[in-house]
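Colleague: Could you take me slowly through one part of this model, as you would for a student in the first year? I would like to see how a single strand fits in with what surrounds it.

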Amino acid sequence: SDSALKAQVDPDTLVPVRVSKEAKNFAGIPRQVILTINYWQMDESVKKIIKAELSFDDYDSLETVDDYKLNIKLEPFTYVDLVNNAAFEIHVYVGLFMLMSLLNCGFIVMFWFFHRIFTRLKFPPALRIWKYMRVLIPTATYGWLLAVPSLSIVMLTAYSMFIEMNFVFFSD
């Protein structure tokens, strides 16, 4: 029955299907329905659906005709699309953040190094990174100490209201 099927479906695995708002001619009844499914090809035989979109086309005003054409498009996501649509686990994003931070620091050191090598000054200035750190670290720490406790209180309150008390926005 319907309730037995609902018990077997894990809500975390469901993918919402969004309806496209890009209709060319909105007058009448759509005769062509296009379902676009974007997926992640995990291995040779496993595809994970990441995003789905429904769009309508070929409108007419004949209400007596009840047939339509359904097109299903399966499109694989590229790596960048997977990153942008949050398809990976959290450790992948932490690793990407750390990699980008290290690359950024490396470019700064390279920039300083090339300017130090090709300068015409007899006594080129040293890299004064620690002076900058003495200015930046206390203010960042102070901002973190101000933000984290207050945001934690708000997040714990929201969690207790919506999760623990089974608060439901849309019920059947």
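**A close look at strand 2 and its partners**

Modeller: D60 counts as partly exposed, because its relative accessibility is 24%, and this residue is a convenient way into the part you ask about. Please keep in mind that this is a predicted model, and that everything that follows is read from it. D60 forms a salt bridge with R31, in which the closest N and O atoms are 2.9 Å apart. The two partners belong to distant parts of the chain, since D60 sits in strand 3 and R31 in strand 2, with their positions 29 residues apart in the numbering. By the rule applied here, the count comes to one salt bridge. While D60 is partly exposed at 24%, R31 is buried, because its relative accessible area is 13% and the cut-off for buried is under 20%.

R31 brings us to strand 2 itself, which is mostly covered, for ten of its 13 residues are buried. Strand 2 covers residues 29-41, and T36 is one of the residues that lie in it. T36 is buried too, because its relative accessible area is 12%, again under the 20% limit. If we leave out residues up to four places away in sequence, T36 touches K51, A52, E53, K73 and E75.

Let us now turn to the pairing of the strands. In general, strands of a sheet pair through backbone hydrogen bonds, either parallel or antiparallel. Strand 2 and strand 3, which comprises residues 47-60, run antiparallel and are joined by twelve bridges. These two strands form a hairpin, with five residues between them. As an example of the pairing, Y39 stands opposite I49 in strand 3. Strand 2 also pairs with strand 4 (residues 69-76), this time in the parallel sense and over eight bridges. Here N38 stands opposite E75 in strand 4, and E75 is also among the residues that T36 touches.

Strand 3 has a further partner in strand 1, for three bridges join these two strands, which run parallel. Within this pairing, R18 stands opposite E53 in strand 3, and E53 is again one of the contacts of T36. Putting these pairs together, we find an open sheet of four strands in the order 1-3-2-4, with mixed pairing. Its edge strands are strand 1 (17-19) and strand 4, each of which pairs on one side only. Neighbouring strands of this sheet are turned by 20° against each other on average, if direction is ignored.

One may also ask what the nonpolar residues do. The largest nonpolar core has six residues, namely W40, I50, F77, L82, A87 and F88. I50, which belongs to this core, can be followed a little further: leaving aside its neighbours within four places in sequence, I50 is in contact with V15, N38, Y39, W40, F77, L82, N85 and A87. Among these contacts are Y39 and N38, which we met above as the residues opposite I49 in strand 3 and opposite E75 in strand 4.

For contrast, we can end with a residue of a helix. I117 lies in helix 3, which comprises residues 90-117. I117 counts as partly exposed, because its relative accessibility is 45%. I117 and L127 are ten residues apart in sequence, and their C-alpha atoms are 13 Å apart in space.

Note on methods: Residues numbered from 1 in each chain as written. Predicted model: local features only at pLDDT ≥ 70, side-chain atom pairs only at ≥ 80, totals over all residues. Heavy atoms only, no water. Buried < 20%, exposed > 50% of the residue type's maximum accessible area, 1.4 Å probe, protein only. Contact = heavy atoms within 4.5 Å. Pairing = 2+ DSSP bridges. Axes fitted to C-alpha atoms, helices over the stretch in contact; angles between N-to-C directions. Core = buried A, V, L, I, M, F, W, Y, C linked by side-chain atoms within 4.5 Å. Salt bridge = Lys/Arg side-chain N within 4 Å of Asp/Glu carboxyl O.
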